[in-house]
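Q: Could you take me through how helix packing is read from a set of coordinates?

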Amino acid sequence: MTSPDSGEVAVAPRDSDHADGGEAPGGRDLAVRLPGVPSQVSRARGLVTAALGRDHPFHDDVVLLTSELATNAILHTRSGDGGSFTVSVLSSDTTVRVCVADGGADGPPCVCRTAPQATSGRGLPLIEALSHRWGFVREGGSTTVWFELTQARVAAGQEPCVTGRAGTTLRPAPSW
């Protein structure tokens, strides 16, 4: 039986290694299965840092959103009732995707609006607000909630624009 402080880790190295044969800090995709206890939320955050490195431009947002999904897995699914959950961090030059697979629940994840005084209920609205895309898949008795953050690339000579999180494109104001 797995103790509450242990988990199973799988590491997938990037396709391209560095010239010295090693990997840069944060240069790998990771997945870990963790026991469904509150102390494991900090380990999920640590997984993000191990996969991306602290200097990654999305590090802070990915840590925050991963923390929200791990907390949801523990509080709102069978993962927190003696089960486990799995966190996967996949990254490329422009995109980071995090998936949290849990033990499933009676209903699907809900982006519920809460009262200003409520002390919970802001996790998925936060995911919706900060990620570029997110979703969930329910199958085989489990639920996987995922989000992506994407950095747009601008070709040399093109006017930069920022892709809004709701699918809109925001162009910079003219510099008159």
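A: Handedness is a good place to begin: a crossing is left-handed if the near helix is turned anticlockwise from the far one by less than a right angle, and right-handed if clockwise. Here α2 passes α3 in a left-handed crossing. The model is a predicted one, in which local features need pLDDT of at least 70 and side-chain atom pairs count only at pLDDT 80 or more, while totals for chains, interfaces and linings use all residues. Residues are numbered from 1 along each chain as its sequence is written, and side-chain values use heavy atoms, with hydrogens and water left out.

Q: At roughly what angle do the axes of α2 and α3 cross?

A: Axes are lines fitted to C-alpha atoms, for helices over the stretch in contact, with angles running from 0 to 180 degrees between N-to-C directions. The axes of α2 (residues 59-76) and α3 (residues 123-130) cross at roughly 150° and come within 9 Å. That makes α2 roughly antiparallel to α3, a term for angles over 145 degrees.

Q: Which residues of α2 and α3 make the contact?

A: Contact means heavy atoms within 4.5 Å. From α2 the contact takes Asp61, Leu64, Leu65, Glu68, Leu69 and Asn72, and from α3 it takes Gly123, Leu124, Leu126, Ile127 and Leu130.

Q: Which residues of α1 are buried?

A: Buried means under 20% relative accessible area, with a 1.4 Å probe and protein chains only. In α1 (residues 40-52), the buried residues are Gln40, Val41, Ala44, Leu47, Val48, Thr49, Ala51 and Leu52. Their cover includes β2 (28-35), α2, β3 (84-91) and β4 (95-102).

Notes:
Helix = DSSP H or I, 4+ residues; strand = E, 2+ residues; numbered from the N terminus. Parallel < 35°, antiparallel > 145°, perpendicular 65-115°, else oblique. Expected span 1.5 Å × (residues − 1). Buried < 20%, exposed > 50% of the residue type's maximum accessible area, 1.4 Å probe, protein only.
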